[in-house]
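Good morning, colleagues. I would ask you to look at the structure on the screen while I go through some features of its surface.

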Amino acid sequence: MKEQRIILVLGIIFIFGAPLYSLGYITLGDFSIFGFSLGALLMSISSLLDNPLKKDSEQHILRKIAKNVLFILSIVLIVLSPMLNTNITFLKRLVNSIDSNVFLLYSIGFSFFTLFVSDLYKKQVETKIENEKNKAVTDALNKYDEMLKKKFQKKED
């Protein structure tokens, strides 16, 4: 639940940030764009590691650790990248050597893949609910059938 709130807040910030950037009220440097793109990629990957059909206690420990590490790293990149000093030689070389559009394209691709996987999970949940409903109806009918059989047996005796 906490992760969903963080994602919602980030979404709202970026939605309001886009027109502010377009109107020239805020500026974004190369490292900010690089950090946002890489952060979005890591967040998309972390959301793929979530299995909503299983409780947190049923999730594999490595899956939970990887999901949390990727999520926290993505938040750190998104929040800190505009604040970092780009005069650091290592950061300059890193940003200049990798085109941030690559991370942006990967993050968009993983976002669509995440949507696909969530639709699969949704269908599995719907199927599970339908099966449970059918089982409940069948159990109720069997119970009612047994009750009727007992009544007719009593009348025959």
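Val 79 is partly exposed, with a relative accessible area of 38%. Because patches admit residues with over 30% relative accessible area, Val 79 at 38% passes that cut-off. This residue lies in helix 3. Val 79 helps to make a nonpolar surface patch of about 530 Å². The other members of that patch are Ile 72, Val 76, Leu 80, Met 83 and Leu 84.

I should state at this point that the model is predicted. The mean pLDDT of the chain is 82, and 94% of the residues reach 70 or more. Where is confidence highest in the chain, and where is it lowest? The highest value belongs to helix 3, residues 61-80, at 87. The lowest belongs to helix 4, residues 89-97, at a mean of 78.

Let me turn to charge. How many salt bridges does the count come to? The count comes to two.

One of them joins Lys 135 to Asp 139, with the closest N and O atoms 3.5 Å apart. Both residues belong to helix 5, and because they are four residues apart there, about one helical turn separates them. As for accessibility, Lys 135 counts as exposed at 54%, while Asp 139 is partly exposed, with a relative accessible area of 39%.

The salt bridge between Asp 145 and Lys 149 has its closest N and O atoms 3.8 Å apart. Here too the partners lie in helix 5, four residues apart, about one turn of the helix. Asp 145 counts as partly exposed, at 36% relative accessibility.

Finally, I come to a patch of positive charge. Which residues form the positive surface patch? The patch is formed by Lys 150, Lys 151, Lys 154 and Lys 155. Of these I shall take Lys 154 as an example. Lys 154 lies in helix 5, which spans residues 100-156. Is Lys 154 buried or exposed? Lys 154 is exposed, with a relative accessible area of 67%. Since a patch residue needs over 30% relative accessible area, Lys 154 meets that requirement at 67%.

To close, I would leave you with two surface patches to find on the screen. One is the nonpolar patch that includes Val 79 and Leu 80. The other is the positive patch that includes Lys 150 and Lys 154. Thank you for your attention.

Terms used
Residues are numbered from 1 along each chain as its sequence is written. This is a predicted model: local features need pLDDT of at least 70, side-chain atom pairs count only at pLDDT 80 or more; totals for chains, interfaces and linings use all residues. Side-chain values use heavy atoms; hydrogens and water are left out. Patches are made of residues with over 30% relative accessible area and no salt bridge: like charges are joined within 9 Å, nonpolar side chains (Val, Leu, Ile, Met, Phe, Trp, Tyr) within 5 Å. Accessible areas come from the Shrake-Rupley method with a 1.4 Å probe; for residues, only the protein chains shown count as cover. A salt bridge is a side-chain nitrogen of Lys or Arg within 4 Å of a carboxyl oxygen of Asp or Glu. Lys and Arg count as positive and Asp and Glu as negative; His and the chain ends are not counted. The place of a charge is taken as NZ of Lys, CZ of Arg, CG of Asp or CD of Glu. Helices (H or I, at least four residues) and strands (E, at least two) are DSSP runs, numbered from the N terminus. Buried means under 20% relative accessible area, exposed over 50%, partly exposed in between (1.4 Å probe, protein chains only). pLDDT is the predictor's confidence in each residue, from 0 to 100.
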